[in-house]
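Student: I've got this one open in the viewer and would like a close look at one part of it, with the packing and the charges laid out pair by pair. Start with the rings, please, and take your time.

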Amino acid sequence: MHVFVSKKPLSPVRWHQAFADSVTVRQPSEVAAICHGDGVIWLDFTRLSVPERIEWLAQVKQLGQPVVVLSNVPNDNEALQVFRAGAAGYCHVLAVPDQLREIALVVEHGGHWVGARFIEKLISVTVDKLNPDAAGTGGLYDQLTEREQMVASEVARGATNREIADALGITERTVKAHLSSIFAKSGARDRIQLVLMLKESETSVV
């Protein structure tokens, strides 16, 4: 089931177009009575003050289901904040039905979803961290072998497994093996979370 939590007096038609079984409630306290351990909770930040956003996200996270934040003014700082608070997805509140269904597919399988622009931002601020010649590197990066560092560097640049294999002169099977090791060492579930963790590691070193 998909539950949208929003202060809007009328829920947008596109939410019901995306998920025919979706339900909209006005307060996070109403979600527990509807959800029973499955589905996605969609948290609409529109019309919420900053303290309300923090409180609402904390409340719905306690239910143990993936939470996607819908923002009317998406920005990098807010994206980092909601992911650090435990959200599984972050997108514009005007996202179309096809995009909402795509997001749901990703987060229901344990992944994270965020817009391409934010991924590019993460990549740009993480490049120095993933450069073996950069000064002050440490944390997660130093836990990786030399080859794993090279694979992580390519992941941060947005390369696919095939592109990584071609760049490093190895097979896709070997790339997958290195990625499995990197995920095991970092605890990351997917590439987006890995880049987030590398960014967090960089921040702790600075």
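Tutor: Okay, rings it is: Phe4, Trp15, Phe19 and Trp42 make up one aromatic cluster. Keep in mind that this is a predicted model. A search through the whole structure turns up four aromatic pairs. One of them is Phe4 with Phe19, a tilted pair with 6.4 Å centre to centre and 35 degrees between the planes. That pair links distant parts of the chain, with Phe4 sitting in strand S1 (residues 2-5) and Phe19 in the loop between helix H1 (13-18) and strand S2 (23-25), 15 residues apart. Phe4 counts as buried because its relative accessibility is 0%, and Phe19, at 8%, counts as buried too.

Phe4 also pairs with Trp42, and here the rings are stacked: the centres are 5.4 Å apart and the planes make an angle of 15 degrees. Since Phe4 belongs to strand S1 and Trp42 to strand S3 (residues 40-44), this pair ties together parts that are 38 residues apart in sequence. Phe4 and Trp42 are both buried. So which label goes with which angle? With stacked meaning planes under 30 degrees apart, the 15 degrees of Phe4 and Trp42 earns that name, while the 35 degrees of Phe4 and Phe19 goes down as tilted.

Now zoom out for a second. The chain holds nine helices and six strands, and 47% of its 206 residues count as buried. Take the contacts between residues at least 6 apart in sequence: 58% of them join residues at least 24 apart.

On to the charges. Side chains of opposite charge can pair when their charged atoms come close. The whole structure has seven salt bridges. In one of these, Arg53 and Glu78 meet with an N to O distance of 2.7 Å. Arg53 is in helix H2 (residues 50-61) and Glu78 in helix H3 (residues 76-84), so to speak two distant parts of the chain, 25 residues apart, linked by the pair. Both partners, Arg53 and Glu78, are buried.

The other spot to look at is around helix H7, where Arg162, Asp166 and Glu172 are linked in a network of salt bridges. Arg162 meets Asp166 at 3.3 Å, N to O. These two both lie in H7 (residues 161-168), four residues apart, or about one turn of the helix. An α-helix has 3.6 residues a turn, so residues three or four places apart point the same way. Arg162 also meets Glu172, at 2.7 Å, N to O. Glu172 is in helix H8 (residues 172-186) and Arg162 in H7, so this bridge ties together parts that are 10 residues apart in sequence. How exposed are the three? Arg162 counts as partly exposed because its relative accessibility is 43%; Asp166 reaches 53% and counts as exposed; Glu172 is partly exposed at 28%.

H7 itself has two sides worth telling apart. Asn161, Ile164, Ala165 and Leu168 are its buried residues to note. They span an arc of only 100 degrees around the axis, which puts them on the same side of H7. The face turned away from that buried side carries the exposed residues Asp166 and Ala167. Just after H7, Gly169 takes a positive phi of about 70 degrees.

Last, the packing of H7 on H8. Their axes come within 8 Å and cross at roughly 105 degrees, so the two helices are roughly perpendicular to each other. On the H7 side, Asn161, Arg162, Ile164 and Ala165 make the contact, meeting Glu172, Val175, Lys176 and Leu179 of H8. Notice that Arg162 and Glu172 appear in that contact list and are also salt-bridge partners, and that Asn161, Ile164 and Ala165 are among the buried residues of H7.

Definitions and conventions. Residues are numbered from 1 along each chain as its sequence is written. This is a predicted model: local features need pLDDT of at least 70, side-chain atom pairs count only at pLDDT 80 or more; totals for chains, interfaces and linings use all residues. Side-chain values use heavy atoms; hydrogens and water are left out. A salt bridge is a side-chain nitrogen of Lys or Arg within 4 Å of a carboxyl oxygen of Asp or Glu. Buried means under 20% relative accessible area, exposed over 50%, partly exposed in between (1.4 Å probe, protein chains only). The arc is that of the directions from the helix axis to the C-beta atoms. Rings of Phe, Tyr and Trp (its six-membered ring) pair if their centres lie within 6.5 Å; planes under 30 degrees apart count as stacked, over 60 as edge-to-face and the rest as tilted. Axes are lines fitted to C-alpha atoms, for helices over the stretch in contact, and angles run from 0 to 180 degrees between N-to-C directions. Angles under 35 degrees count as roughly parallel, over 145 as roughly antiparallel, 65 to 115 as roughly perpendicular and the rest as oblique. Contact means heavy atoms within 4.5 Å.
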